[in-house]
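Reader: Hello! I'm new to this structure and would love a close look at a single part of it. Could you walk me through the sheet and whatever packs around it?

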Amino acid sequence: MSTLNLASAPEDAAALEGAEAHHARLAGELAGRVKMLLTAVDRDPTAAERIHAGLVAFCDRSLLPHAAAEEAALYPAAHAMFEARLLIESLIGEHRCLTTLVDTLRTAPGPADAAADARALQVLFEEHVAKENGLVLPLLAMTPEVSLTALLADMHHRIANGTGGSGAPQDQSNEKGHDMRGQRTDEPGGCGGAEEAAEPELDVREVPHALRHAAVFGALDAVPAGTAVVLIAPHDPLPLLAQIEQRNPGVFAVEYLESGPQAWRLRLSHR
């Protein structure tokens with residue numbers, strides 16, 4: 001069944017696809033940052049501290065405002081439908097769990113303590129958006145009395161204006177060296193011994209295909225100038241490399257460490 005058949009209007013079919021793509025970007029960036037934290041904990045504790053802080057900032061900047069805006073703009077329309085009421089209440093409960101996990105990450109005494117909570121946050125968020133993509137969004141798109149396009153526009157307006165679900169500005173904290181889109185705006189100070197530290201690896205073979213590119217973008221946003229990450233892919237990732245260059249022109253240098261046949265290993269160095 002096509003997306004168009006799941007929607008009562010063509011514009012809502014497009015809105016449904018856009019919402020799913022937005023979820024994939026959020027889940028992918030979260031997956032990339034969590035993977036970087038898990039590998040850095042074992043390889044480079046100093047880098048792990050920075051990645052941990054960046055993960056918390058990403059949650060404050062993107063994940064939690066997204067959840068708050070959903071509750072204010074999207075969930076009420078679905079909650080008004082008898083068949084979706086219990087589902088929406090359970091999803092609101094999951095938002096509370098996501099907030100608790102982020103707070104636990106925020107107060108963790110160190111990256112090693114935060115690693116398990118970070119992985120739990122990733123799993124919960126991926127399951128959460130799967131329910132929204134598979135149940136909530138199609139239901140709203142199929143209902144003629146509801147404009148999914150208008151609901152999503154309201155949601156993204158709230159996110160863009162930092163009002164979330166309460167009308168009060170959201171916390172716009174961000175990790176040092178990034179603007180609100182996750183682009184690097186300055187160079188963090190050097191860390192003693194960073195050049196000797198083992199470089200973190202991101203094995204995208206372990207990441208669902210739909211999330212892979214976003215996971216890489218999230219991981220690269222956690223790489224400071226003067227350091228590198230090793231990317232492991234199941235094939236030569238030429239389209240991904242083109243997207244990285246388009247997203248951050250001239251920022252990353254690429255060195256092939258292994259070229260198949262089972263895996264491609266590339267060293268991406270932040271200039």
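Author: Happy to! One term comes up at once: two strands pair if DSSP finds at least two bridges between them. Please keep in mind that this is a predicted model.

With that term in hand, start in the middle of the sheet. β2 and β4 are joined by six bridges and run antiparallel. One pair to find on your screen is Val 229, which stands opposite Leu 268 in β4. Now widen the view: the open sheet has four strands, in the order β1-β2-β4-β3, and its pairing is mixed. The edges belong to β1 (201-203) and β3 (252-259); each has a single partner strand, so one side of each is left without a neighbour in the sheet. On average, neighbouring strands here are turned by 20° against each other, direction ignored.

Where does the mixed pairing come from? Look at β1 and β2 (residues 228-233), which run parallel and are joined by three bridges. In that pairing, Asp 203 stands opposite Ile 232 in β2. On the other side of the sheet order, β3 and β4 run antiparallel, with seven bridges between them. Glu 258 has Arg 265 as its bridge partner in β4.

The link between β3 and β4 deserves a pause. In general, most residues other than glycine have a negative phi, and most peptide bonds are trans. This hairpin has four residues between its strands, and Gly 260 takes a positive phi near 75° there. The peptide bond from Gly 260 to Pro 261 is cis, with omega near 0°. Pro 261 itself lies in the loop between β3 and β4.

Next, how covered are the strands? In a regular strand the side chains alternate between the two faces of the sheet. For β2, six of its six residues are buried. Ala 228, Val 230 and Ile 232 are buried on one side, and Val 229, Leu 231 and Ala 233 are buried on the other, leaving both faces of β2 covered. As for β4, five of its seven residues are buried, so β4 is largely enclosed by the rest of the structure.

Several helices provide company for these strands. Helix α2 (residues 10-43) packs on the sheet and touches β1 and β2; its direction makes about 135° with that of β1. Helix α8 (residues 238-247) lies across β2, β3 and β4 (264-270), and runs at about 165° to β3. Then there is helix α7 (residues 212-221), in which nine of the ten residues are buried. Among the buried ones are Arg 212, Val 216, Phe 217, Leu 220 and Asp 221. The buried residues of α7 pack against α2, β1, β2, α8, β3 and β4, so take a moment to find α7 beside these elements.

Finally, follow α2 away from the sheet to its helix partner. Two packed helices are described by the angle between their axes and the distance between the axes. For α2 and helix α3 (residues 45-79), the angle is about 160° and the axes are 9 Å apart. That makes α2 roughly antiparallel to α3. The crossing of α2 and α3 is left-handed. Residues that meet here include Leu 26, Leu 30, Val 34 and Leu 37 in α2, and Ile 51, Leu 55, Phe 58 and Leu 63 in α3. Sorted by class, the contact of α2 with α3 has 13 nonpolar, six polar and five charged residues.

One step further, α3 meets helix α4 (residues 85-107): their axes come within 10 Å and cross at roughly 165°. α3 and α4 are therefore roughly antiparallel to each other, and their crossing is left-handed. Among the residues making the contact are Leu 55, Val 56, Leu 64 and Tyr 75 of α3, with Ile 88, Leu 91, Ile 92 and Val 102 of α4. This contact of α3 with α4 divides into twelve nonpolar, four polar and seven charged residues.

Definitions and conventions. Residues are numbered from 1 along each chain as its sequence is written. This is a predicted model: local features need pLDDT of at least 70, side-chain atom pairs count only at pLDDT 80 or more; totals for chains, interfaces and linings use all residues. Side-chain values use heavy atoms; hydrogens and water are left out. Helices (H or I, at least four residues) and strands (E, at least two) are DSSP runs, numbered from the N terminus. Axes are lines fitted to C-alpha atoms, for helices over the stretch in contact, and angles run from 0 to 180 degrees between N-to-C directions. Contact means heavy atoms within 4.5 Å. Angles under 35 degrees count as roughly parallel, over 145 as roughly antiparallel, 65 to 115 as roughly perpendicular and the rest as oblique. A crossing is left-handed if the near helix is turned anticlockwise from the far one by less than a right angle, and right-handed if clockwise. Ala, Val, Leu, Ile, Met, Phe, Trp, Tyr, Cys and Pro count as nonpolar, Asp, Glu, Lys and Arg as charged, and the others, Gly among them, as polar. Buried means under 20% relative accessible area, exposed over 50%, partly exposed in between (1.4 Å probe, protein chains only).
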